[in-house]
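Morning, everyone. Please have the sequence and the structure open while I talk.

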Amino acid sequence: LQRDAKGQYLFDLLCHHLNLLEKDYFGIRFVDPDKQRHWLEFTKSVVKQMRAQPPFTMCFRVKFYPTDPAALKEEITRYLVFLQIKRDLYHGRLLCKTSDAALLAAYILQAEIGDYDPGKHPEGYSSKFQFFPKHSEKLERKIAEIHKSELSGQTPATSELNFLRKAQTLETYGVDPHPCKDVSGNAAFLAFTPFGFVVLQGNKRVHFIKWNEVTKMKFEGKTFYLYVSQKEEKKIVLTYFAPTPEACKHLWKCGIENQAFYKLEKSSQVRTVSSSNLFFKGSRFRYSGRVAKEVMESSAKIKREPPEIHRAGLVPSRSCPSITHGPRLSSVPRTRRRAVHISIMEGLESLRDSAHSTPVRSASHGDAFAGPGRSGRAESSERVAVIADESYSPA
């Protein structure tokens, strides 16, 4: 990579490597030395955006979740979105009922190991998989039951598509949470989704503002303001406090980009936005990509032979190890097994510190989902979420 190479060059190189044409939904994320997340800006030099020393660690992520993932034109795109949402489930970001969680996990199981085979899958086989931060034995049995009885014959592509259709119906689909506090000092998570702005507190969605109701976003230091205009000329200003000014600026930039992507009809309507009312103060930012409507129109024109998809079913994913190392690595040729295992562990080590959104303390995986003590109550009612009652605490 040349020192003056722009982010767009690196991103295009990566998409070419992946044989990905519907690339506007994705981005490259990195974490600076202060543990603050950033999206790589495509119009700026890669090197100038990095505060760390090389080699740089970056992550390929879904940046704009498709409004309807099942409507994506190519299977390769759906597969990559599937991997992202599978990761969201594993990190406690996708809030769902026990029955929904069991179905989603069963789809993952079918996509990764195929049909149930009593010769290959002994009693308790689903417990070797890690779909969520934590779950009960009863939920594991339910996952195996669905996998055995309802999904037989589904190809990986079909299971992934069904997974996406189910995930899309959940309230926290597309949520990339930013930890903040409200004016009373209560913890909250703010997020931008394909449908609007959401605020999660406890384990509930306390605000949902459609994109056409958001009139303005700005920040000053650690304070983030969202201006809302609803029916009957009702106007509100929501105020939240981020952990650091850098986290607040990142939140604001994410909001500007998401609103432009989902709300505007054409990229020519994009305008440079200032974080302040005064033109000579504050940060200025401009979204540089295409908008969702243009992306959909472009996707409809794709005409090529579907590219081959190399599903990562044999070795654990670095950010989402959905099965223990043993069974996965046994499928790798013996001569490569040790090398693969070492590279996976190095990858996990390098990403471990970048799990949290901002430098604030977050609950551990063990705290994020209902534990065994609450499992009976959690599974007795469809209204109770899998995530623990007392808090929504994604990694």
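**Salt bridges, a cavity and a pocket**

Let me start with one side chain. Arginine 304 has a relative accessibility of 30%, so it counts as partly exposed. Keep in mind that we are looking at a predicted model.

What does arginine 304 pair with? Its partner is glutamate 74, in a salt bridge. The closest N and O atoms are 2.6 Å apart. Now find both ends on the chain. Arginine 304 sits in the loop between α8 (292-300) and α9 (325-329). Glutamate 74 sits in the loop between β3 (58-62) and α3 (75-90). The two are 230 residues apart in sequence, so this pair ties together distant stretches. Is glutamate 74 buried or exposed? Its relative accessibility is 6%, which is under the 20% cut-off, so glutamate 74 counts as buried.

Why do such pairs form? Side chains of opposite charge can pair when their charged atoms come close. In this model there are 19 salt bridges.

Here is another one. Arginine 37 bridges to aspartate 176, with 2.9 Å between the closest N and O atoms. Arginine 37 is in strand β2. Aspartate 176 is in the loop between α6 (156-168) and β4 (178-181). They are 139 residues apart, so again think of distant parts of the chain being linked. Both arginine 37 and aspartate 176 are buried. They also belong to a network of salt bridges, together with Arg29 and Arg93.

A third pair is glutamate 41 with lysine 44. The N to O distance there is 3.6 Å. Glutamate 41 has 17% relative accessibility, so it counts as buried. Lysine 44 has 43%, so it counts as partly exposed.

Next topic: empty space. How many cavities of 30 Å³ or more does the structure hold? It holds 5. The largest cavity has about 120 Å³ of space. It is lined by 14 residues. Nearest its centre are Lys63, Asp176, Phe192, Cys254 and Asn258. You have met Asp176 already, in the bridge with arginine 37. By class, this lining has 7 nonpolar, 4 polar and 3 charged residues.

Which helix gives the most to that lining? Helix α7, residues 245-263, with 4 residues. Let's look at α7 itself. It has 19 residues. From first C-alpha to last it reaches 27 Å, close to the 27 Å expected at 1.5 Å a residue. Of those 19 residues, 14 are buried, so α7 is largely enclosed by the rest of the structure. One general point on helices helps here. An α-helix has 3.6 residues a turn, so residues three or four places apart point the same way.

Now the second largest pocket. Its volume is about 760 Å³. It is lined by 34 residues, and Trp39, Leu40, Glu41, Phe42 and Glu257 are closest to its centre. Elements that give two or more residues include α1 (7-18), β1 (26-31), β2 (37-39) and α7. Helix α7 gives the most to this lining too, with 7 residues. By class, there are 11 nonpolar, 8 polar and 15 charged residues. Which domains does the lining draw on? It takes at least three residues from each of domain 1 (1-63) and domain 3 (178-300).

To close, look once more at α7. It gives the most to the lining of the largest cavity, and the most to the lining of the second largest pocket.

Terms used:
Residues numbered from 1 in each chain as written. Predicted model: local features only at pLDDT ≥ 70, side-chain atom pairs only at ≥ 80, totals over all residues. Heavy atoms only, no water. 1 Å grid on protein atoms, 1.4 Å probe; cavity = no way out; pocket = protein on both sides within 12 Å on 5 of 7 lines; lining within 4 Å. Points joined across faces, edges and corners; volume = space filled by probe spheres on them. Nonpolar A, V, L, I, M, F, W, Y, C, P; charged D, E, K, R; others polar. Expected span 1.5 Å × (residues − 1). Buried < 20%, exposed > 50% of the residue type's maximum accessible area, 1.4 Å probe, protein only. Domains from an automatic or database assignment. Salt bridge = Lys/Arg side-chain N within 4 Å of Asp/Glu carboxyl O.
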